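Biologist: Got a minute to go through this one with me? I'd like to start with the strands and then get on to the charged side chains.

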Amino acid sequence: MTTNPKAARYHTRRVERPDLRETGAGSSLPFDNEEDGFGNLDFRRPEDRAPSPGAAASGDTAGPSSGDPVTRAETPDEIAAANAAIAAEGLTSRQLRRAMLIAGRHRMNPTSEPDAVRLLREAGVDPFSRASILRIVGPATDPATSTLPAEVAETSPVASPATTGRELARLPGDTVQLPKKIKPAQLPSTEQRAEVNQAAEILRMQQDIARRRRRRLALLGARLFAFVLLPTFLAGWYFYVIATPMYAVRSEFVIQQAGPASSGGALTGLFSGTAFATSQDSIAVQGYLQSREAMVRLDKDLGFRAQFQSDAIDPLQRLAKDASLEAAYKVYRKFLKISFDTTEGVIRMDVIAADPKVAADWSKQLITYAEEQVDHLTQRLRGDQMREAQAGYDSAQDALNASQRKLIELQEKFKTISTEAEVGMIVAQISQLESQITQERLSLAQMEANPEPNQARMEPIKRRITTLEGQVAELRAKMTEDSPDATSLAEVQGELLVAQADLQTRQMLLAQALQSKETARIEANRQVRYLSLSVSPIPPDEPTYPRAFENTMVTMLIMLGIYLMVSMTASILREQVSS
């Protein structure tokens with residue numbers, strides 16, 4: 001019979017420390033515990049067993065004998081207490097799983113893992129022995145030859161003649177013996193094999209992980225080379241070797257006005273003299289310089305297309321011979337950079353060309369276009385203001401002339417220059433006549449006061465009075481009544497006063513029109529815009545573009561960003577699909 005190493009160690013521990021089992025005292029060693037996980041079962045050989053004091057008195061052994069039959073069935077309370085005691089032993093989950101596996105192999109029906117330990121212990125099987133699974137005997141063909149207890153043989157399928165399984169393995173010291181004809185194979189320790197297999201598996205896993213890591217690093221390096229490094233190298237080669245040197249000419253100018261306009265009120269006076277006063281004009285000039293019209297004018301004047309259709313330009317920047325207007329306009333927008341600073345009101349213009357002199361000529365020509373555009377912006381407004389003011393002045397002058405002619409015609413018609421003078425003369429005459437009439441009446445009254453007046457002297461006085469009164473009446477009638485020969489002075493004076501009033505009104509209107517004309521002229525002068533050149537275009541002596549190193553680094557960062565974005569997107573999609 002093969003000796004179980006665990007049983008031997010257990011036996012040695014029981015012999016060296018008998019006081020732990022007898023007294024139940026604790027050990028100072030951390031792993032030296034009196035409980036071995038087998039409860040009250042003793043798997044030692046019969047000759048090594050020491051009878052307990054109670055057993056010595058009664059004549060019983062410490063463990064169950066193979067020949068003792070099971071005479072009493074355990075109650076559910078006893079089974080639960082035994083299972084609770086086994087659970088309190090602190091068995092590991094691995095030991096409990098092994099007990100369940102062994103119980104299943106022997107066709108037992110435990111209700112729980114502690115119950116499987118209890119059933120195996122009652123059957124005399126060590127569930128924690130290394131050889132409990134390996135030491136399996138062949139099927140028993142005859143129940144009589146089996147050395148298991150009768151009740152165990154009845155309940156266990158390994159004792160049945162019809163069972164094709166193997167018998168339960170027995171530890172040394174049990175009465176059940178294996179058949180003599182079957183020599184058990186001397187297998188190595190399962191723990192040793194497990195350790196060797198585990199080390200080999202770990203080594204294999206480490207090698208596989210290292211191999212996959214190297215493969216992934218190699219694939220990562222290949223992808224980075226193909227999608228990042230190679231495009232970066234090609235971009236650097238282009239910028240350093242092939243790209244045509246370009247020269248940038250910078251110019252700066254501002255748009256100013258002659259003075260603040262009075263029509264804007266307080267708000268216009270608030271923004272006068274600042275960049276906001278001419279921001280609209282600056283934005284309009286900027287838009288015009290970036291328009292197709294400016295490109296077409298520059299092409300007609302200085303040959304913009306021919307410069308970029310030359311063979312000296314590299315293929316990537318060269319303009320085709322039969323390029324359309326839109327293609328030329330794209331090149332124009334690329335090589336003409338205009339910006340407007342809203343805080344300072346400065347327009348900055350960079351003109352780029354393969355020849356520095358050509359770039360300077362283009363910049364000067366574009367500045368000329370900008371000046372024309374500035375003049376054109378306010379020309380219509382100034383023209384309208386002056387035209388309206390001149391038309392009002394001319395109309396007022398014509399009306400004044402007509403009024404003067406009408407007054408002259410009336411004066412010629414009535415043969416008088418001023419009715420006031422005529423009326424004054426008539427009034428003076430009437431006053432003189434009235435004075436004479438008063439004197440004559442006084443003289444007549446004195447004569448009549450005599451008792452015997454002289455009629456010869458009275459008659460001439462009366463005739464003079466009558467004549468004077470007739471003269472006064474005639475003069476009064478001349479002032480207010482019309483006659484076949486002349487018109488009354490009242491009518492003449494009325495017409496002349498109306499004509500004179502109209503003449504005065506026309507004179508006033510003419511003065512206002514003249515003032516409006518002068519105001520319009522002043523406003524028109526204030527609306528004039530001036531383009532002041534602060535930085536003149538000077539051709540450089542070194543090329544400005546391409547910036548080889550910066551462009552190469554930018555290309556690398558762009559390709560790296562695209563690669564990272566695509567790889568992250570692919571990883572996320574792969575994870576979503578796999579999950």
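Modeller: Sure. A residue is called buried when its relative accessible area is under 20%. Keep in mind that this is a predicted model.

Biologist: Is strand β1 largely enclosed or open, and how many of its residues are buried?

Modeller: β1 covers residues 247–257. Enough of these 11 residues are buried that the strand is largely enclosed by the rest of the structure, and the count is 8.

Biologist: Which residue of β4 stands opposite Glu252?

Modeller: β1 runs antiparallel to β4 (residues 529–535), with 6 bridges between the two strands. Opposite Glu252, in β4, you'll find Val535.

Biologist: And over how many bridges does β1 pair with β3?

Modeller: β3 spans residues 346–353, and its pairing with β1 is antiparallel too. Arg250 stands opposite Asp350 in β3. The bridge count for β1 and β3 is 8.

Biologist: On to the charges: how far apart are N and O in the salt bridge of Arg204 and Glu201?

Modeller: Both residues sit in helix α8 (residues 190–242), 3 residues apart, or about one turn. Arg204 has 45% relative accessibility, so it counts as partly exposed, and Glu201 at 36% does as well. Their side chains meet with an N to O distance of 2.3 Å.

Biologist: Which residues share a salt-bridge network with Arg348?

Modeller: Arg348 bridges to Asp341 at 3.7 Å and to Glu344 at 3.4 Å. Through shared partners, the network that includes Arg348 also takes in Asp341, Glu344 and Glu252.

Definitions and conventions
Residues are numbered from 1 along each chain as its sequence is written. This is a predicted model: local features need pLDDT of at least 70, side-chain atom pairs count only at pLDDT 80 or more; totals for chains, interfaces and linings use all residues. Side-chain values use heavy atoms; hydrogens and water are left out. Buried means under 20% relative accessible area, exposed over 50%, partly exposed in between (1.4 Å probe, protein chains only). Helices (H or I, at least four residues) and strands (E, at least two) are DSSP runs, numbered from the N terminus. Two strands pair if DSSP finds at least two bridges between them. A salt bridge is a side-chain nitrogen of Lys or Arg within 4 Å of a carboxyl oxygen of Asp or Glu.
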